[in-house]
Amino acid sequence: MSSHATLSGGTRDVIEPATGQVLSTVGIANAADVATATRAAAAAQKAWVAVPPRDKAAILRRAGDLFQLHFDELALYVTREGGGILPKGQHEIREAITICHLASSLPMQSQGHVLPSVPGRSSIARRVPHGVVGVISPFNFPLILTLRAVAPALAAGNAVIVKPDTRTPVSGGLMIARIFAEAGLPKDLLQVLPGDAEAGEALVTDPLVPMIAFTGSPAVGRRIGELAGRHLKKVSLELGGANNLIILEDADLDLAASNAAWGAWLHQGQICMASNHIYVHSSIAAQLTQRLVAKATHLPVGDGASGQVALGPLIDAKQRDRVHAMVQDSVKAGAKLEAGGAYDGLFYKPTVLSGVKPGMRVFDEETFGPVANIITFDTDEEVIALANNNTGSLASAIISPAIGRAMAMGQQLKSGMVHINDQTVNDDCVNPFGGPGIAGNGTSVGGPADLEEYTQWQWITVKDTAPAYPF
């Protein structure tokens, strides 16, 4: 698949992480390409607003049906491009179908309210689209994390410009554009511009783009937030950050270890809601660590597209080197390497670190690798203070048969999502997904949040006749 015919920033090969093979060649957008695209999108959006709601809904339903029709082919491509295992690629296609079908309901929902007013005057508050929405998406779940903005934004009447990560430009954009074109979406309404920082900053500062939806690292999110604030734009940020899995002393150890392993190592830990802080009551820490070490030792790592493996490769050498440096630095700072901490190419072994404390890199930074960081605690109050001792949490979870105790603790956590008796990696597409502070500045996407995010209020009043004022 190729996109380099119309972009002027050169071309780039897309490399399959598991094999090092070239999967595709795509064009790279520069600032001039962004300006051209936003002008075309703004023009197309004016006609899109006038398309009847049922017709908008039909296009989104057809897009979901096309993902279903090409399920196996698309799942394999997502797997190969992103370096996951095949069930993860299949999960992205299943979620894509759901996201499209959910978005197809938005045009048919109420678009506002009739407000109280004086006799002889109608007062209406209605939701109207922003115009052009810029979407900047990451490599880890590229299809889901792009489409969850694209589908509802289109459903709400916007045009969309997508700048996917250049490591996953097909799964994160070109695949979506092809599906929507086949579904009948009008030309220029959805455009995909793979690019680097130049293209991203051009999109964030373009006067024709009043809203930016970004998913990615806190460092880039801060930069986008600053630029968007300077240009008075609405910004939706989903940045991940610290996630807390709390295991109380009455937890079933085998179930707790299973949850911790899944939350920490699924998709090599490259998930914004990965269980990167595993808080274990000190009375059971040794037993839980022993179980995690056994899992780390036996879980197979390899090419997820070609074999029965549990973990695939990290996305690239830069990410691998960052993860490895964080592990080594934390061991030097006093953490104990219980398992893993080694790699072969981009394949990083599932890793267990015990004795993790604040001040160590794996505690203070988001690892984004297959590392289970075990932190011990003695009291409920202590672990709540530890879990809240950060600048915002996307997801938290508590494992205990004492539901009332766990609920009481969960209500004290400064986290956008809290799960009792589960790990932190959860999303149903119908829930508001987001968190405070570094997790995403308090914004959410999904479910009831979508219409709120991708539209703005407009107040309209109508009087029977213009009044006479005393001036």
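# Burial, salt bridges and backbone of a predicted chain

Of the 471 residues in the chain, 56% count as buried. The model discussed here is a predicted one.

## Overall form

The secondary structure of the chain amounts to 15 helices and 21 strands. Along the principal axes, the C-alpha atoms occupy a box of roughly 80 × 55 × 40 Å. The radius of gyration is 24 Å, which agrees with the value near 23 Å for a compact globule of 471 residues. Among contacts with a separation of 6 or more, 71% come from residues 24 or more positions apart.

The exposed surface of the chain is about 19,300 Å², and carbon and sulfur atoms supply 56% of this area. As for charge, the chain carries 36 positive and 43 negative side chains, and the centres of these two sets lie 6 Å apart.

## Salt bridges

Side chains of opposite charge can pair when their charged atoms come close. The count for this model comes to 18 salt bridges. Three of the pairs are listed below, each with its N to O distance.

| Basic residue | Acidic residue | N to O distance |
|---|---|---|
| Lys234 | Glu453 | 3.9 Å |
| Arg322 | Glu365 | 3.8 Å |
| Arg405 | Asp380 | 2.7 Å |

The salt bridge between Lys234 and Glu453 has an N to O distance of 3.9 Å. This pair links distant parts of the chain, with Lys234 in strand β9 (residues 234-238) and Glu453 in helix α15 (residues 449-454), 219 residues apart. Lys234 counts as partly exposed because its relative accessibility, 28%, falls between the limits of 20% and 50%. Glu453, by contrast, has 6% relative accessibility and therefore counts as buried, the limit for burial being under 20%.

In the second pair, the side chains of Glu365 and Arg322 meet at 3.8 Å. Glu365 is placed in the loop between α12 (361-364) and β16 (371-377), whereas Arg322 belongs to helix α11 (residues 317-332), so this salt bridge ties together parts that are 43 residues apart in sequence. Glu365 is partly exposed, at 31% relative accessibility, and Arg322 is also partly exposed, with a relative accessible area of 29%.

In the third pair, the closest N and O atoms of Arg405 and Asp380 are 2.7 Å apart. Arg405 is part of helix α14 (residues 403-410) and Asp380 is part of helix α13 (residues 380-387), so the pair ties together parts 25 residues apart in sequence. Salt bridges with shared partners join Asp380 and Arg405 with Glu249 and Asp250 into one network. Within this network, Arg405 is partly exposed, with a relative accessible area of 25%, while Asp380 is buried, at 19%.

## Backbone at two loop positions

Most residues other than glycine have a negative phi. Against that background, two residues of the chain deserve mention.

Phe368, a residue other than glycine, has a positive phi near 55 degrees. Phe368 is found in the loop between α12 and β16, the loop that also holds Glu365. With a relative accessible area of 17%, Phe368 is buried.

Asn441 likewise is not a glycine, yet its phi is positive, at about 55 degrees. The position of Asn441 is in the loop between β19 (433-434) and β20 (444-445). Unlike the buried Phe368, Asn441 counts as partly exposed, at 40% relative accessibility.

How values were computed:
Residues are numbered from 1 along each chain as its sequence is written. This is a predicted model: local features need pLDDT of at least 70, side-chain atom pairs count only at pLDDT 80 or more; totals for chains, interfaces and linings use all residues. Side-chain values use heavy atoms; hydrogens and water are left out. A salt bridge is a side-chain nitrogen of Lys or Arg within 4 Å of a carboxyl oxygen of Asp or Glu. Helices (H or I, at least four residues) and strands (E, at least two) are DSSP runs, numbered from the N terminus. Buried means under 20% relative accessible area, exposed over 50%, partly exposed in between (1.4 Å probe, protein chains only). The radius of gyration is taken over C-alpha atoms; the globule rule is 2.2 Å times the number of residues to the power 0.38. Contact means heavy atoms within 4.5 Å. Accessible areas come from the Shrake-Rupley method with a 1.4 Å probe; for residues, only the protein chains shown count as cover. Lys and Arg count as positive and Asp and Glu as negative; His and the chain ends are not counted. The place of a charge is taken as NZ of Lys, CZ of Arg, CG of Asp or CD of Glu.
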